[in-house]
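Q: I am new to this structure and would like a close look at how its helices are packed. Please take one helix to begin with, and then follow the packing to its surroundings.

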Amino acid sequence: MGQMFYQESDFENTVISYDLSNRGIDISALYHLSFQDYNTYQGNKYHKDKNTLGYINLGTSENKLCTDLLAERLSQSDMTYIDEDLLQYTDWRGQPFLRKEVARFLTFYCKTPEFLDPENVVILNGHSAVFSALAMVLCDPGEAFLVPTPSYGGFAFSTHLYAKVKLVPVHLESQVTEANGYPFQLTVDKLEQALLGAKIEGKKVRGLVLINPQNPLGDVYSQDSMMEYLEFAKKYNLHVIVDEMYMLSVFDEAITFHSVLSMKSLPDPNKTHVIWGTSKDFCISGFRFGALYTHNREVASAMSSFGYLHSISGIAQYKLRQLLQDREWIDNVYLPSYHFRLQEAHRYVTHKLKALKVPFLNRGSGLYVWINLKQYLDPCTFEEELLLHHRFLDHKLILSPGKAFMCKEPGWFRLIFAARPHLLRSGMHRFQQVLVEQEQEHRVKQLEDAMKEEVSTSQPETPASPVLRKS
Amino acid sequence: MSTLPQKESRMTTACPGSDSIQGLPGNKGDGLERECSRKPDQKPLKFYGVGDPTAMFCSSSPYLSSRGSIIKWFWDSAEEGYRTYHMDEYDEDKNPSGIINLGTSENKLCFDLLSRRLSQSDMLQVEPSLLQYPDWRGHLFLREEVARFLSFYCRSPAPLKPENVVVLNGSASLFSALAMVLCEAAEAFLIPAPYYGAITQHVYLYGNVRLVYVYLDSEVTGLETRPFQLTVEKLEMALQGANSEGVKVKGLILINPQNPLGDIYSPAELQEYLEFAKRHELHVMVDEVYMLSVFEESVGYRSVLSLERLPDPQRTHVVWATSKDFGISGLRFGTLYTENQDVATAVTSLCRYHGLSGLTQYQMAQLLRDRDWINQVYLPENHARLKAAHTYVSEDLRALGIPFVSRGAGFFIWVDLRKYLPEATFEEEVRLWRRFLENKVLLSFGKAFECKEPGWFRLVFSDKTHRLRLGMQRVRQVLEGQPQVAEDAPPRQNQEP
């Protein structure tokens with residue numbers, strides 16, 4: 001959810017502190033410059049009655065579609081139980097009752113061939129925390145993970161802030177060619193290219209990060225593709241971290257999501273680690289819950305050491321267990337509503353995009369659409385992309401520019417549609433306004449350029465008159 | 001002066017100088033002298049030690065990074081005692097022969113009050129906004145409440161400000177974040193020892209920051225007024241010692257009320273330590289986690305936030321949490337109070353990794369806001385129960401002729417079992433500790449707090465009477481079966497069945 005446009009060099013002299021260590025300054029500057037928009041938004045949120053001039057956030061991948069259902073479920077009487085055990089120090093890997101429930105939950109929803117073992121589950125306070133701790137235990141400082149890009153921007157923070165682990169992008173392309181069957185297709189070829197590139201640069205790559213369903217593209221990998229990627233990783237002795245945070249957010253019935261845990265045999269089970277959490281699938285990003293599932297007991301033990309730095313309150317763990325164990329509610333009330341609302345919102349937004357003639361990737365999962373605004377950038381550069389992003393901000397609309405996802409090509413933006421209808425309507429209205437403005441400005445600029453050209457070619461140069469130069 | 005490799009500098013701390021063994025009988029003395037004579041030049045080093053959390057690490061894993069292997073080793077080598085305890089916990093009905101835990105510093109006396117309060121209807125509200133991404137520094141309503149709460153209970157001269165408050169999921173996380181933003185890797189914090197041992201990992205795991213121990217002595221000498229007293233002189237010597245070994249010290253950690261000693265610093269002492277830190281441009285992190293757990297009023301505890309004038313407000317950071325004072329260590333809520341916006345902002349950058357759920361934040365705000373309940377129900381009852389439990393245990397200890405240190409704060413008594421060690425070594429200390437565990441009572445041994453002198457144990461008394469009674473009985477059984485080292489070497493007593 002953070003937007004990492006800035007490299008360290010962008011703010012060399014902007015933060016001076018005599019009290020912080022160098023790494024303290026680095027962390028602080030990097031984070032705060034990048035999260036400026038988010039912080040501004042926190043201080044001035046749109047409200048349909050109380051603050052219509054506030055910011056509409058269609059940039060942070062937060063699921064607000066079913067907060068009402070969750071609020072209702074979490075208020076029910078079975079959620080209010082308190083026990084001494086919940087108020088005391090406990091197993092830092094997560095309360096046994098919750099790890100058991102997570103194992104059961106994932107066994108069912110991931111359709112695993114065998115029952116998952118609670119001993120292989122580590123629970124921390126959020127997906128970012130799981131990532132940060134994994135980066136620490138799998139890599140030494142300066143080592144790296146391969147990441148197909150465009151990819152969730154938050155990884156860069158989770159691997160860097162504490163762990164100082166680098167990301168090596170595997171750049172995917174929008175253009176469909178012989179090597180590229182569909183836009184942003186991930187192939188083993190590209191993975192190998194990126195790995196080779198890293199080796200040449202002297203970077204030690206320890207693992208591969210895959211997000212499935214993918215963020216920001218919304219792709220869902222086929223079982224065959226996933227197997228290929230896992231075999232690539234095994235061949236080069238890499239860990240694979242599979243982030244399945246959006247696993248229940250596939251709303252197109254024609255698409256089947258296959259969890260990596262559903263595979264009958266993994267090429268390298270000791271190096272395959274799966275992350276899941278409730279933030280996206282259950283609309284409770286404020287709850288702070290993330291789980292790691294791994295067959296590798298050494299990884300699980302090392303992760304457990306971080307348990308007390310990334311702990312969740314006993315009461316929250318209890319509520320999560322109550323939530324996850326309520327299959328009836330999940331299958332009969334929640335998921336149907338959730339998918340329906342996702343479909344509706346997706347349909348609304350894509351309809352608008354088509355009307356505005358904005359190209360986009362039409363996928364059936366996730367909370368967002370990957371849209372192409374290249375036609376509004378002249379020239380098509382990251383600088384222009386940033387300017388357009390600021391123009392959206394001026395209109396109190398937050399979108400995420402492609403650079404934040406390490407996208408190689410300028411002009412792409414991620415637009416979140418997992419918002420309530422009235423918010424989405426107002427948001428799309430502002431979106432349209434900005435595009436209209438951008439187009440107008442573009443046209444005016446083109447006219448000005450054309451006029452200047454005319455003037456300079458129609459007037460002969462005489463010694464007495466000044467030479468008009470093309471601007 | 002030669003620089004010793006760190007492993008050795010830890011071991012030398014096991015060799016006390018001659019002045020701390022005054023009054024101990026000849027045979028023990030001989031053993032010590034023999035040890036000391038092997039390392040004649042160690043005496044100056046007893047005032048400090050540079051910690052190396054990885055000193056005993058040996059195995060690496062093919063799956064993990066180098067630091068990953070060390071991190072895993074921390075988990076594997078975590079207190080044998082707690083693992084054993086968790087597999088055989090005492091339960092009045094289901095497991096009466098299980099282990100009584102007098103080792104973990106947790107307040108088990110007031111769960112009834114807390115459970116009742118946390119079940120009340122105002123605690124059950126679920127606002128949609130609480131389920132969404134927050135201001136990572138902590139919801140404003142909570143930071144405002146914390147500022148008000150600390151202003152009142154710390155008796156600050158001026159109202160404290162919400163913008164100086166940062167909220168995280170526990171004080172451990174605060175130490176981790178502070179270590180990260182105040183220090184470079186391998187730099188250090190000074191800490192008076194004995195100290196709450198878990199801090200070692202809090203600052204090391206992510207931060208890779210070490211601790212420089214300022215060793216305190218049980219022996220009262222010179223201008224000191226009490227055992228294990230911290231003086232500026234000791235701080236200066238430790239700092240010098242660290243510098244001479246090329247260890248860069250960036251800050252000082254003070255725990256007040258102190259764990260494990262249960263001691264409190266007077267305002268004058270606090271002022272001295274803060275002046276020392278200012279002289280050397282060190283940050284001071286004051287951990288006041290037991291601030292409301294002072295059950296002996298006459299002790300006169302003063303928070304650092306109550307001081308009229310801090311020597312260096314920009315480098316004074318206060319840590320507080322609900323774990324101890326409200327007996328809810330499982331709830332995971334800690335706060336930082338600092339006037340230094342650079343530090344607050346830097347810590348906030350890491351808050352996403354140490355966030356607590358919006359619902360928990362809401363409940364904490366409700367709890368802190370309820371002054372009536374706190375002042376009229378909780379605190380009086382809590383202090384009364386703590387005092388009663390403390391009296392029970394301390395009387396038992398007196399009856400057994402066991403010396404101890406305790407000043408009326410915290411949940412524990414620092415017990416002197418040196419006379420029960422045939423040799424003043426940490427091996428004997430662990431052996432005694434294991435004997436307690438075998439007799440189904442868990443205590444914490446002094447080495448876990450980096451106490452310089454073997455033979456000290458921390459005994460937690462904040463538990464229900466029936467468990468205390470049973471626990472003390474089991475402690476007594478072990479000690480009565482243990483030969484004491486007395487001057488006239490009494491005949492060995494028969495072991496109790």
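A: The buried residues of helix α2(A) pack against β1 (56–57), α13 (382–394) and β11 (397–398) of chain A. The model is a predicted one. Helix α2(A) spans residues 36–43, and its buried residues are Asp37(A), Tyr38(A) and Tyr41(A). These residues lie on the same side of α2(A), because they cover an arc of only 100° around the axis.

A UniProt record places a domain in chain A. The entry, which is unreviewed, lists residues 56–419 of chain A as "domain: Aminotransferase class I/classII large". Over residues 56–419, chain A is 37% helix and 16% strand, and the C-alpha atoms at the two ends are 10 Å apart.

In chain B, helix α10 can be read in a similar way. Helix α10(B) runs over residues 267–279, a total of 13 residues. From first to last C-alpha, α10(B) reaches 18 Å, close to the 18 Å expected at 1.5 Å a residue. Its buried residues are Glu269(B), Leu270(B), Tyr273(B), Leu274(B), Phe276(B) and Ala277(B). Viewed down the axis of α10(B), the buried residues fall within an arc of 155°, so they line one face of the helix. Ala268(B) and Arg279(B), on the other side of α10(B), are exposed. The cover over the buried residues of α10(B) includes β4, α9, β6, β7 (283–287) and β8 of chain B. After α10(B) comes Glu281(B), with a positive phi near 55°.

Several of these covering elements belong to a sheet. It is an open sheet of eight strands with mixed pairing, in the order β1-β5-β4-β6-β7-β8-β9-β3 of chain B. At its edges are β1 (48–50) and β3 (165–168) of chain B, each paired on one side only. Direction ignored, neighbouring strands of the sheet are turned by 25° against each other on average. Within the sheet, β8(B) (residues 316–321) and β9(B) (residues 334–338) pair in the antiparallel sense over five bridges. Val318(B) has Tyr337(B) in β9(B) as its bridge partner.

Two further helices of chain B pack on this sheet. Helix α6(B), residues 140–153, touches β3, β8 and β9 of chain B, and its direction makes about 115° with that of β3(B). Helix α9(B), residues 232–244, touches β1, β4 (188–193), β5 (210–215) and β6 (249–255) of chain B. The direction of α9(B) makes about 140° with that of β5(B).

Conventions. Residues numbered from 1 in each chain as written. Chains lettered and ligands numbered in written order. Predicted model: local features only at pLDDT ≥ 70, side-chain atom pairs only at ≥ 80, totals over all residues. Heavy atoms only, no water. Pairing = 2+ DSSP bridges. Helix = DSSP H or I, 4+ residues; strand = E, 2+ residues; numbered from the N terminus. Axes fitted to C-alpha atoms, helices over the stretch in contact; angles between N-to-C directions. Contact = heavy atoms within 4.5 Å. Buried < 20%, exposed > 50% of the residue type's maximum accessible area, 1.4 Å probe, protein only. Arc of directions from axis to C-beta. UniProt positions renumbered as here; feature names shortened; annotations may be inferred. Expected span 1.5 Å × (residues − 1).
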